[in-house]
Amino acid sequence: MIQKEIYWSRFADDFEERNNYVIGKADLDAMLAKLSKLKELKNVLELGCGNGTYSRIIAKNADQLLATDFSDEMANASEVRLKSISNITVEKANCFNLPYADNSFDTIFMANLLHIIPQPEKAISEAKRVLKKDGAIIIISYTSEGMKFHNILKMICRYMKTYGKPSPFAQKIKLTDAQNMLVKKDFKITEASLIGSKMKAIFVTAQK
Ligand SMILES: C[S@@+](CC[C@H](N)C(=O)[O-])C[C@H]1O[C@@H](n2cnc3c(N)ncnc32)[C@H](O)[C@@H]1O
């Protein structure tokens with residue numbers, strides 16, 4: 001078990017700007033637009049919130065959003081950046097060992113977490129534990145699935161320039177991988193699609 005997040009923490013101050021460059025503003029906006037259509041999310045737990053790019057959008061259709069990240073630096077940056085939004089609280093939490101009771105949340109949201117952690121299935125199990133019966137899980141995660149080869153090469157160049165070597169835990173997660181992980185944990189898939197144009201992300205929603 002990792003005790004301190006050290007890879008992403010280095011980019012806490014300007015993570016969103018760096019990501020805008022690596023992903024491209026147009027595709028990032030398309031992903032945010034997709035998420036903004038999710039309604040009545042009620043009491044939401046976000047895992048791996050980074051510096052809050054997606055938290056703002058999710059909070060618009062939630063009663064409460066508890067945005068969490070394992071990195072002290074990311075959690076601190078989110079706290080500062082999101083402090084004017086009254087229904088968001090930020091806490092430090094490890095997605096493998098959440099400090100929350102069983103059946104606590106209506107919705108679990110994770111953006112770009114599944115493809116950067118060592119044991120994504122374990123994070124899904126832990127998410128299921130804290131999710132209420134009939135609660136929803138929403139997963140969005142960048143993937144090279146469906147991307148044109150030249151766009152993959154360009155993205156790798158932008159990534160290396162921006163972040164250096166990829167995180168040791170980074171892996172390609174395909175749409176079917178995420179669906180299979182959820183089905184194995186007895187979730188019922190409610191939507192699954194690849195979104196984005198030059199850059200792609202898997203988008204999956206499922207019910208406990
Ligand atoms: C690729 S970033 C994505 C951040 C944000 N969700 C976004 O898409 O802009 C991954 C985030 O997951 C966090 N993270 C890594 N391991 C984690 C863990 N075990 N539990 C919770 N967060 C973790 C990192 O600190 C980082 O902020």
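**Entry 1: the ligand and its neighbours**

I started with the ligand, and I counted 21 residues around it. The closest are G48, D69, C95, A111 and N112. I should say early on that I am reading a predicted model. Next I sorted the shell by residue type, and it divides into 13 nonpolar, six polar and two charged residues.

Then I looked up polar atoms beside the nitrogen atoms of the ligand. For A111, a backbone N or O atom lies 2.8 Å from a ligand nitrogen. N94 uses its side chain: a polar atom there is 2.9 Å from a nitrogen atom of the ligand. F70 offers a polar backbone atom, 3.3 Å from a nitrogen of the ligand. How much of the ligand does the protein bury? Taken alone, the ligand exposes 590 Å², and the protein buries 97% of that.

**Entry 2: T53 and its partner**

I moved on to T53, which I found in the loop between β1 (42-47) and α3 (55-60). Is T53 buried or exposed? I noted it as buried, because its relative accessibility is 10% and the cut-off for buried is under 20%. I also looked for a partner of its side chain. The side chains of T53 and E16 are joined by a polar contact of 3.2 Å.

**Entry 3: two positive phi angles**

Here I checked backbone angles. Most residues other than glycine have a negative phi, so I jotted down the exceptions I came across.

E40 is one of them: its phi is positive, about 45°, although E40 is not a glycine. I located E40 in the loop between α2 (25-36) and β1. With a relative accessible area of 67%, E40 is exposed.

K42 is another residue other than glycine with a positive phi, in this case near 60°. I placed K42 in strand β1. K42 counts as partly exposed because its relative accessibility is 42%, a value that falls between the cut-offs of 20% and 50%.

**Entry 4: a nonpolar patch on the surface**

Last, I went looking on the surface. Which residues make the nonpolar patch there? I listed F149, L153, I156 and M160, and the patch covers about 410 Å².

I picked L153 for a further look. L153 lies in helix α6, which runs over residues 149-163. L153 has 42% relative accessibility, so I wrote it down as partly exposed.

**Page marker**

For my next visit, I leave myself two places to return to: the ligand with its 21 surrounding residues, and the patch that includes L153.

How values were computed:
Residues are numbered from 1 along each chain as its sequence is written. This is a predicted model: local features need pLDDT of at least 70, side-chain atom pairs count only at pLDDT 80 or more; totals for chains, interfaces and linings use all residues. Side-chain values use heavy atoms; hydrogens and water are left out. Patches are made of residues with over 30% relative accessible area and no salt bridge: like charges are joined within 9 Å, nonpolar side chains (Val, Leu, Ile, Met, Phe, Trp, Tyr) within 5 Å. Accessible areas come from the Shrake-Rupley method with a 1.4 Å probe; for residues, only the protein chains shown count as cover. A salt bridge is a side-chain nitrogen of Lys or Arg within 4 Å of a carboxyl oxygen of Asp or Glu. Helices (H or I, at least four residues) and strands (E, at least two) are DSSP runs, numbered from the N terminus. Buried means under 20% relative accessible area, exposed over 50%, partly exposed in between (1.4 Å probe, protein chains only). A residue is near a molecule or strand if one of its heavy atoms lies within 4 Å of it. A polar contact is a pair of N or O atoms within 3.5 Å; within protein, one must be able to donate a hydrogen and the other to accept it, and residues adjacent in sequence count only if both atoms are side-chain atoms. Ala, Val, Leu, Ile, Met, Phe, Trp, Tyr, Cys and Pro count as nonpolar, Asp, Glu, Lys and Arg as charged, and the others, Gly among them, as polar.
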